[in-house]
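Open the model in your viewer and show it as a cartoon. The stops below say what to select and what to look for at each.

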Amino acid sequence: MTIPDLNDFFQPQGVALIGASTKVGSPNYQTLKNSLDMSLNGKVFPVNPMAEEILGLPVHRSVVGIPDRVDLVIMAVASGNALQVAKEIRERRLKRGDAGAVVIVTAGFKEMGTPEAASLQGE
């Protein structure tokens, strides 16, 4: 396993927010807004297969399709979508060599106390 460059976390040149929301005031909308406000260069890429534009930014269907460099990926999706999104991040890493830092913001795994949720966490 490769250890990511800490600059990917603290000084990313491109940030992708998977699960960006169009709903003003929602956590994923606010995370996108904060990322944009704090960006060193404005390269913030919302990802949501159901939206066209958020905060004036074009929305990407998948992290794989972002044409620019992505150092940091914020994965803010429901547990049921987490495995597919993780596979897409891996695909991007293999194809583009970036997306080295990932922050996962989700719930619904082992802490739920169900065998299904524990199994999903194991995957």
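The tour goes from the whole chain to single strands, loops and residues.

**Whole chain**

Start with everything displayed, and keep in mind that this is a predicted model. Colour by pLDDT: the average for the protein is 91, and 97% of the residues score at least 70. By element, the lowest mean pLDDT, 81, belongs to helix α4 (residues 115-122), and the highest, 98, to strand β2 (residues 44-47).

Now colour by secondary structure. The protein has four helices and six strands, and from the N terminus their order is α-β-α-β-β-β-β-α-β-α. The radius of gyration is 14 Å, close to the 14 Å that the globule rule gives for 123 residues, so the protein is as compact as a globular protein of that length. Along the principal axes, the C-alpha atoms fill a box of roughly 45 × 35 × 25 Å.

Switch to a surface. About 7400 Å² is exposed, and carbon and sulfur atoms supply 56% of that area. Of the 123 residues, 38% are buried. If you draw the contacts between residues at least 6 apart in sequence, 61% of them join residues at least 24 apart.

**Strands β1 and β2**

Return to the cartoon and select residues 15-18 together with residues 44-47. These are β1 and β2, and they pair in the parallel sense over four bridges. One pair to pick out is Ile18 with its bridge partner in β2, Val47. To follow the connection, add residues 27-38: the chain crosses from β1 through helix α2 to β2, and this β-α-β crossover is right-handed.

Which residues of β2 lie on each side of the strand, and are they buried or exposed? Show the side chains: Val44 and Pro46 are on one side, Phe45 and Val47 on the other, and all of them are buried, so that both faces of β2 are covered.

**Ile54 and its contacts**

Next select Ile54, in strand β3. Ile54 is buried, with a relative accessible area of 2%. Which residues does Ile54 touch, leaving out those up to four places away in sequence? The contacts are Ala20, Ser21, Thr22, Tyr29, Leu32, Pro46 and Val59. Pro46 has already come up as one of the buried residues of β2. For a distance to draw here, take Ile54 to Lys33: the two are 21 residues apart in sequence, and their C-alpha atoms are 9.3 Å apart.

**Leu55, a positive phi**

Move one step along to Leu55, in the loop between β3 (53-54) and β4 (57-58). Its phi is near 55 degrees, a positive value in a residue other than glycine. Leu55 is partly exposed, at a relative accessible area of 33%.

**Strands β5 and β6**

Select residues 72-75 for β5 and residues 101-104 for β6. The two strands run parallel and are joined by four bridges. Within this pair, Ile74 stands opposite Val103 in β6. Add residues 79-96, which form α3: the chain crosses from β5 through α3 to β6, again as a right-handed β-α-β crossover.

**The loop between α3 and β6**

Stay with this connection and select Gly97 and Ala99. Are these two residues buried or exposed? Gly97, in the loop between α3 and β6, counts as exposed at 58% relative accessibility. Ala99 lies in the loop between α3 and β6 as well, but counts as buried at 0% relative accessibility. Ala99 also has a positive phi of about 60 degrees although it is not a glycine.

Draw a line from Gly97 to Gly25. They are 72 residues apart in sequence and 34 Å apart in space, C-alpha to C-alpha.

**Met112**

The last stop is Met112, in the loop between β6 and α4. Met112 counts as exposed, with 53% relative accessibility. A line to Gln13 spans 36 Å between C-alpha atoms, for two residues 99 apart in sequence. The helix beyond this loop is α4, the element with the lowest mean pLDDT in the protein.

Terms used:
Residues are numbered from 1 along each chain as its sequence is written. This is a predicted model: local features need pLDDT of at least 70, side-chain atom pairs count only at pLDDT 80 or more; totals for chains, interfaces and linings use all residues. Side-chain values use heavy atoms; hydrogens and water are left out. pLDDT is the predictor's confidence in each residue, from 0 to 100. Buried means under 20% relative accessible area, exposed over 50%, partly exposed in between (1.4 Å probe, protein chains only). Two strands pair if DSSP finds at least two bridges between them. A crossover is right-handed if, with the strands pointing away from the viewer, the path from the first strand over the helix to the second runs clockwise. The radius of gyration is taken over C-alpha atoms; the globule rule is 2.2 Å times the number of residues to the power 0.38. Contact means heavy atoms within 4.5 Å. Accessible areas come from the Shrake-Rupley method with a 1.4 Å probe; for residues, only the protein chains shown count as cover.
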